[in-house]
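User: I should like to go through the classifications used for this model and the reasons behind them. Please set each value against its definition.

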Amino acid sequence: MQHTRKRRSQQLFPWLLLTPTILLIGTFHLYPTIRSFSYSLFRYERTKPAKYGWIGLGNYINIFTSDTKFVNSLLVSLKWVVIQVALQVVIGILIAVLLNRKFKGRGIFRTICIAPWAISGVLTTMLWLLMYNDSIGFINSLLRSWGMRSATQAWLATSSIVFGSVIIAGLWKGIPFYIINMLAALQGVPEDLYDAGKIDGANAWKMFWHITIPYIKGTIVFTTIMRCISEFQTVDLILTMTNGGPMNLTTTLQVYIYQKTITEGNYGYGSALAVCSFMIMLVFSFIYLKMNNFGKGVTE
């Protein structure tokens with residue numbers, strides 16, 4: 001009897017330790033998710049409380065049949081994710097390979113390249129807003145000092161360059177994530193393979209493609225999927241810098257959800273948009289799990 005009680009207490013002890021985490025996840029993730037699903041089935045507008053009521057799939061029908069802004073915001077989100085992740089992968093890997101070499105001052109350069117990752121998203125946007133400022137911004141001031149006054153721009157108000165301007169700010173913030181992960185992965189590549197490659201007459205490109213890439217393939221897949229998920233959810237950077245403008249050119253799905261829910265107070269419709277976003281994230285998550293063989297490892 002005593003042995004049975006002891007065994008039960010041993011089985012319950014891990015759950016006891018997990019209880020605070022389960023409560024936090026339930027309170028701040030599970031409950032809001034369930035409430036979003038329920039709100040999405042109602043007409044629930046802050047400015048029209050008298051019209052509150054059940055409409056079933058009405059919000060979803062409007063999203064997929066008459067809301068052109070939803071389609072535009074989804075396309076902007078996909079454009080944002082593809083460009084951000086593609087450039088972050090390429091630039092991040094190249095910088096990581098360079099920083100993995102031994103040279104004088106390597107530690108300082110590593111710190112400089114990784115530092116942006118430690119800066120909060122809001123502070124990042126404030127820094128770039130100051131740099132892009134039309135009158136006192138660093139970029140326009142630099143162009144004026146070089147005698148290129150005609151090249152100065154309203155970087156966040158000109159439709160032809162606003163998306164690229166925000167992309168650059170996002171890259172500055174996101175590339176260090178790849179650098180950190182790629183540097184960690186590169187530590188596991190055996191030096192003997194590079195020595196053997198040199199003996200066989202392989203150049204730097206061939207060794208990079210046939211030795212480095214296969215060894216860090218798992219990390220590349222993991223970080224790429226994680227960045228896709230993270231970039232798809234980006235809202236603070238874009239919202240602070242452009243608020244989705246001009247002409248909705250930077251209105252991603254997450255920004256559109258914010259505008260509908262918080263700015264306009266249309267909680268029902270905003271919740272339906274959030275559910276759509278949630279389903280898209282499920283697809284990203286499934287792709288990641290599938291590529292990771294559902295936890296068994298990418299390279300197995």
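Analyst: Lys-260 is a suitable start: its relative accessible area is 17%, so this residue is buried, the term meaning under 20% relative accessible area, with exposed over 50% and partly exposed in between (1.4 Å probe, protein chains only). The model is predicted: local features need pLDDT of at least 70, side-chain atom pairs count only at pLDDT 80 or more, and totals for chains, interfaces and linings use all residues. Residues are numbered from 1 along each chain as its sequence is written, and side-chain values use heavy atoms, with hydrogens and water left out.

User: What makes the pair of Glu-264 and Lys-260 a salt bridge?

Analyst: The closest N and O atoms of Glu-264 and Lys-260 are 3.2 Å apart. A salt bridge requires a side-chain nitrogen of Lys or Arg within 4 Å of a carboxyl oxygen of Asp or Glu, so the pair qualifies. Glu-264 has 39% relative accessibility and therefore counts as partly exposed.

User: How many salt bridges does a search of the whole structure find?

Analyst: The search finds 2. Arg-227 forms one with Glu-231, where the closest N and O atoms are 2.5 Å apart.

User: Why are Arg-227 and Glu-231 called buried or exposed?

Analyst: Arg-227 counts as buried because its relative accessibility is 6%. Glu-231 has 5% and therefore counts as buried. These residues are 4 residues apart in helix H9, so about one helical turn separates them. Helices (H or I, at least four residues) and strands (E, at least two) are DSSP runs, numbered from the N terminus.

User: Why is H4 called oblique to H7?

Analyst: The axes of helix H4 (residues 106–114) and helix H7 (residues 162–186) come within 8 Å and cross at roughly 135°. Angles under 35 degrees count as roughly parallel, over 145 as roughly antiparallel, 65 to 115 as roughly perpendicular and the rest as oblique. H4 is therefore oblique to H7. Arg-110, Cys-113 and Ile-114 of H4 meet Pro-176, Ile-179, Ile-180 and Leu-183 of H7, contact meaning heavy atoms within 4.5 Å.

User: Which residues touch the most other members of the largest nonpolar core?

Analyst: Trp-80, Ile-216 and Met-241 do, in a core of 57 residues. Such a core is a set of buried Ala, Val, Leu, Ile, Met, Phe, Trp, Tyr and Cys residues joined through side-chain atoms within 4.5 Å. H7 supplies the largest share, 13 residues.

Technical notes
Axes fitted to C-alpha atoms, helices over the stretch in contact; angles between N-to-C directions.
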